[in-house]
Amino acid sequence: MSTRIAFLKGHGTENDFVIVPDPENVIDLPPAAVAALCDRRAGIGGDGLLHVVRSAAHPEAQDMAAEAEWFMDYRNGDGSVAEMCGNGVRVFARYLQHAGHITEGDLAVATRGGVKTVHLAKDGDVTVGMGTARLPEGDVTVSVGERSWPARNVNMGNPHAVAFVDDLAHAGNLYSPPPFSPAAAYPDGVNVEFVVDRGPRHVALRVHERGSGETRSCGTGACAVAVATARRDGTDPAVTGTPVTYTVDVPGGTLVITERPDGEIEMTGPAVIVAEGEIESEWLENAVR
């Protein structure tokens, strides 16, 4: 490990990330190191970490290298591995542009949830092709204190439980994972979205992200919410034959989600690089002991 390790800090609708460029996959980032870097008091601070690696250099992404040069090795703030992060993909793409690896236009990014298509617009927004949603069968319930709600099970490459509530305050503090049942619905845990209506095709959410607690935004969560809302509203594009777009307010800003009749989902929103610097490798080594 070198004496200093380069890092950047970025966010997408205030879902923030530590970015560690490592094209040849030579930096060891065990869970304890990721958690130390994401610590908001003793580290850099972030909801998660974006490890930027060339697909050909990472064993989990080598089979995607022909489609996508870059692999988003995403980790939650507690160091655990995650399949996908929608806001993270936008920030990942913005980093590649910032570093001069790409320019405006289209690119492909490899993730554990598959290869995602990304478009960087001239106005600064980034659109990500999020793939299609799966809606597993079975009833799900989520709870906060004495309140319980039915939830829609939506999988966006990672699991979500979407509950429609009367007031976002009913979600509580979201420090700890909201209980859900049945346990078999989410054997590896779940991201839980609490949703209220703001207007026609306009909703707002709060979210508890698996491994991170409440975050200011969740891209896959916003997509899951749009899908669940479309089914509730009777605007499922597969049934109507017409694309449907929802504006989704998150605590950190606004995302625009479009679902097409073939099931493909696109998410558009901002992505910002705010700082860059160097990590002392000695500090990182001590932090994981």
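Colleague: Why is Leu174 called buried?

Modeller: The relative accessible area of Leu174 is 2%, and buried means under 20% (exposed is over 50%, partly exposed in between, with a 1.4 Å probe and protein chains only); Leu174 is therefore buried. This is a predicted model in which local features need pLDDT of at least 70, side-chain atom pairs count only at pLDDT 80 or more, and totals for chains, interfaces and linings use all residues. Residues are numbered from 1 along each chain as its sequence is written, and side-chain values use heavy atoms, with hydrogens and water left out.

Colleague: What makes the phi of Leu174 notable, given that Leu174 is not a glycine?

Modeller: Its phi is positive, at about 55 degrees. Most residues other than glycine have a negative phi. Leu174 is found in the loop between strand S10 (159-164) and S11; strands are DSSP runs of E with at least two residues, helices runs of H or I with at least four, numbered from the N terminus.

Colleague: Why is Arg201 called partly exposed?

Modeller: The relative accessible area of Arg201 is 41%, which lies between the two cut-offs already given, so Arg201 is partly exposed. Arg201, also not a glycine, has a positive phi of about 50 degrees and lies in the loop between S12 and strand S13 (202-209).

Colleague: How do you know that the peptide bond from Ser181 to Pro182 is cis?

Modeller: Its omega is near -5 degrees. Most peptide bonds are trans. Pro182 is found in the loop between strand S11 (180-181) and strand S12 (191-199).
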